[in-house]
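Visitor: Got a minute to walk me through this one? Let's start with the aromatics.

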Amino acid sequence: MSDPRAPQDDDYSATVLGSHWISGPPERPDDLAATRRFEGPEAVPDRVEGSVLRFGPGVTAALAAPFPVTAAGPAAPRRRRRGAGLRRYALALVVLAAVVAYLAWQRYGPALAVRDVTVSTDAQGPACDSAADVVAVVRTDGRPGTITYRWVRSDGSSSDRLTERVPRGQHEARLHLLWTFHGTGGYPARAEVRIEEPSRHTAAVEFSYRCPR
């Protein structure tokens, strides 16, 4: 006949404990007799978890393990390879050096060179009370730089020092002078451009202003 107090679970199993797992003498003779009646082979724990021994699927004995149990500590961090970091820094240094070299070459590299200069305007000259558009064409070697120049007119006037920025790859710069005339009659005119930097060049054109009325 089954004990109604027993758990109604098919997975339940009682674990027999040997006498050496019981601490202290039994309180009553009946308990001692019952203990000796169930005394049998030594029970071996089926697994060890930390410092707690577990017996079977149904009963857990929270007793200290009879031998020291050392839990596995966290894995030691992997040391980074020194070579990979050096290669990364070396690449960054190479890129930085290339940028610095390019900027230095832009600033201190070969300067703009002027090949030749020509000046022209409308051969018929300006109409009455209008301006002549005098154009100086400065041909360069295509390097970037600045052209410094001034215009000098035959009426005794001249411009201030003027500048023209030439970008890389541009082989020609056009410099304009607008010379305005008023009144009737005629006037023989001459316009001259003087390149001062990066090297000295001079070119001029002559034309006439005529207004009969």
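Visitor: Which residues do the ring pairs link into a cluster?
Guide: W179, F181, Y187, F207 and Y209. Bear in mind that this is a predicted model.

Visitor: How many aromatic pairs does a search of the whole structure find?
Guide: The search turns up 6. One of them joins W179 and Y187. Their ring centres are 6.5 Å apart.

Visitor: Why is that pair edge-to-face?
Guide: Because the planes of W179 and Y187 stand at 70 degrees. The cut-off for edge-to-face is over 60.

Visitor: W179 and F207, what's the geometry there?
Guide: Edge-to-face again, with 5.8 Å centre to centre and 90 degrees between the planes. This pair links distant parts of the chain. W179 is in strand β8, F207 is in strand β10, and 28 residues separate them.

Visitor: Is W179 buried or exposed?
Guide: Buried, at a relative accessible area of 3%. F207 is buried too, at 4%.

Visitor: And Y187, where does that fall?
Guide: Y187 counts as partly exposed, because its relative accessibility is 30% and the buried class stops under 20%.

Visitor: OK, sheets. What's the strand order in the one with β8?
Guide: β4-β5-β8, an open sheet of 3 strands with antiparallel pairing. The edges are β4 (114-120) and β8 (172-180), each pairing on one side only. From one strand to the next, the twist averages 15 degrees.

Visitor: How many bridges between β5 and β8?
Guide: There are 9, in the antiparallel sense, with β5 covering residues 131-140. To get the register, look at A136: it stands opposite L175 in β8.

Visitor: Now β10. Which sheet order is it part of?
Guide: β7-β6-β9-β10. That is an open sheet of 4 strands, also with antiparallel pairing. β7 (162-166) and β10 are the edge strands, and each pairs on one side only. The twist here averages 25 degrees from one strand to the next.

Visitor: What do β9 and β10 form together?
Guide: A hairpin, with 3 residues between the two strands. Strand β10 spans residues 201-211, and 11 bridges join it to β9 in an antiparallel run. One register point: E192 stands opposite A204 in β10.

Visitor: And β6 against β9, how many bridges?
Guide: That antiparallel pairing has 6 bridges, and β6 spans residues 145-153. R150 has R194 as its bridge partner in β9.

Visitor: Switching to E196. Which strand is it in?
Guide: E196 is in β9, which covers residues 185-197.

Visitor: Buried or exposed?
Guide: E196 is buried, with 18% relative accessible area. The class applies because that value is under 20%.

Visitor: What does the E196 side chain make a polar contact with?
Guide: The side chain of R161, at 3.0 Å.

Visitor: Leaving aside neighbours within four places in sequence, which residues is E196 in contact with?
Guide: T148, Y149, R150 and R161. R150 came up earlier, as the bridge partner of R194 in β9.

Visitor: Good. Before I go, where's W179 again?
Guide: In β8, an edge strand of the β4-β5-β8 sheet. Its ring partner F207 is in β10, an edge strand of the β7-β6-β9-β10 sheet.

How values were computed. Residues numbered from 1 in each chain as written. Predicted model: local features only at pLDDT ≥ 70, side-chain atom pairs only at ≥ 80, totals over all residues. Heavy atoms only, no water. Pairing = 2+ DSSP bridges. Axes fitted to C-alpha atoms, helices over the stretch in contact; angles between N-to-C directions. Buried < 20%, exposed > 50% of the residue type's maximum accessible area, 1.4 Å probe, protein only. Polar contact = N/O pair within 3.5 Å; in protein donor to acceptor, adjacent residues only side chain to side chain. Contact = heavy atoms within 4.5 Å. Phe/Tyr/Trp six-rings, centres within 6.5 Å; stacked < 30°, edge-to-face > 60°.
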